[in-house]
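Subject: Structure handover

Hello,

Here is the structure I promised you. Please open it and keep it on screen while you read.

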Amino acid sequence: MRPIALVTGASRGIGAATARLLAKQGYDLCLNYRQQAAAAEALAAELQGSGARVLTVQADVADEDQVVAMFQRIDQEMGPLYALVNNVGVLKRQSRLVDMDAARINHILTTNVTSAFICSREAVKRMSREFGGLGGVIVNVSSAASKYGSPNEYIDYAASKGAMDTLTLGLAGEVAGQGIRVNAVRPGFIDTDIHADGGEPGRIERVKSAIPLRRGGHPDEVANVIAFLISDQASYMTGSLLDVAGGR
Ligand code: NAD
């Protein structure tokens with residue numbers, strides 16, 4: 001039987017690249033999306049063509065009830081979950097703290113961090129040997145921004161990723177005895193639609209030229225590391241934060 005993996009925010013970008021790679025490596029996929037149904041269904045059809053069982057699940061992962069319902073659907077329609085990739089993340093570009101209101105800050109924190117807490121909680125309930133599960137793996141998609149704080153850009157986003165790092169460390173310790181590994185990747189600049197509103201003219205070129213490898217990353221280059229962390233090749237890794245940032 002193929003192991004089952006859930007990727008949140010899977011319809012595009014790093015999430016879609018991860019889903020494609022995991023399907024190729026022999027996983028069945030649960031593809032979470034919030035709004036982009038057509039893209040999620042197209043990806044599902046593509047993965048089914050390569051032999052994977054695929055479930056697309058619409059849910060806003062910042063909404064606890066929708067997350068609980070998503071995991072119940074996975075139980076009923078797919079079977080026991082083996083891997084969770086907490087990939088969803090949003091940012092609002094180029095603002096300073098003095099321009100941020102609580103609604104914006106809460107939106108960023110809830111979407112990026114609370115979602116990972118509640119998705120992980122539902123996953124742990126199913127994976128944990130304490131509750132009759134068979135073990136499993138969680139990978140959190142953090143960001144190199146957690147190390148730099150991203151001043152004058154989006155310190156709320158950076159702080160949410162700092163929380164993601166700390167969640168990874170804490171949860172890894174909490175569930176290690178229950179057969180669950182928890183790790184994070186910290187991408188640097190990766191060419192995806194998250195940069196669609198690139199900020200002021202020349203910003204993207206400036207950011208890329210400051211990267212030691214002198215280019216942005218491709219989503220597949222993050223997916224490779226996520227898939228490695230899920231695989232048995234990483235069987236002795238938990239609580240690790242891996243930079244995938246071109247040397248930044
Ligand atoms: P992306 O915008 O292409 O993908 C994010 C996905 O999350 C989208 O499909 C979006 O619809 C979905 N999403 C947003 N809010 C959601 C919600 N509430 N419920 C369900 N889905 C929701 O961007 P990406 O670059 O592929 O980002 C993936 C992850 O990588 C994010 O966590 C991001 O912070 C992180 N990251 C990206 C970069 C980069 O440069 N691209 C760098 C560091 C970290």
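Below is what I found in it, from the whole chain down to the ligand.

Keep in mind that this is a predicted model. The average pLDDT of the protein chain is 97. A score of at least 70 is reached by 100% of the residues. The model also has an ipTM of 0.99 and a pTM of 0.98.

**The whole chain**

Eight helices and seven strands make up the secondary structure of the protein chain. Its radius of gyration is 17 Å, and the globule rule gives 18 Å for 248 residues, so the chain is as compact as a globular protein of that length. Along the principal axes, the C-alpha atoms fill a box of roughly 50 × 40 × 35 Å. Of the 248 residues, 45% are buried. Now look at the contacts with a separation of 6 or more: 73% of them join residues 24 or more positions apart.

**Helix H6**

Find residues 155-175 next. That is helix H6, with 21 residues. At 1.5 Å a residue it should span 30 Å, and its end C-alpha atoms are 30 Å apart, so the two values agree.

Which residues of H6 are buried? They are Ile155, Asp156, Tyr157, Ala158, Ser160, Lys161, Met164, Leu167, Thr168, Leu171, Ala172 and Val175. These buried residues pack against two other helices, H4 (102-127) and H5 (145-148). They also pack against strands E5 (136-141), E6 (180-187) and E7 (241-244).

**Arg214**

Then go to Arg214. This residue sits in the loop that links helix H7 (203-209) to helix H8 (219-230). Is Arg214 buried or exposed? It has 10 C-beta neighbours inside 10 Å, so it counts as exposed; the cut-off for exposed is 12 or fewer. Compare its position with Thr166. The two are 48 residues apart along the chain, and their C-alpha atoms are separated by 29 Å.

**The ligand**

Last, turn to the ligand. There are 27 residues around it. Which of them come nearest? Those are Gly9, Gly13, Gly89, Thr192 and Ile194. Helix H1 (residues 13-24) gives the most to this shell, with three residues. By type, the shell has 10 nonpolar, 13 polar and four charged residues.

Start with H6, then trace the shell around the ligand.

Best wishes

Note on methods:
Residues are numbered from 1 along each chain as its sequence is written. This is a predicted model: local features need pLDDT of at least 70, side-chain atom pairs count only at pLDDT 80 or more; totals for chains, interfaces and linings use all residues. Helices (H or I, at least four residues) and strands (E, at least two) are DSSP runs, numbered from the N terminus. The radius of gyration is taken over C-alpha atoms; the globule rule is 2.2 Å times the number of residues to the power 0.38. A residue is buried if 20 or more other C-beta atoms lie within 10 Å of its own, exposed if 12 or fewer, and partly exposed in between; C-beta atoms are placed from the backbone. Two residues are in contact if their C-beta atoms, placed from the backbone, lie within 7 Å. The expected span of a helix is 1.5 Å times one less than its number of residues. pLDDT is the predictor's confidence in each residue, from 0 to 100. A residue is near a molecule or strand if its C-beta atom, placed from the backbone, lies within 6 Å of it. Ala, Val, Leu, Ile, Met, Phe, Trp, Tyr, Cys and Pro count as nonpolar, Asp, Glu, Lys and Arg as charged, and the others, Gly among them, as polar.
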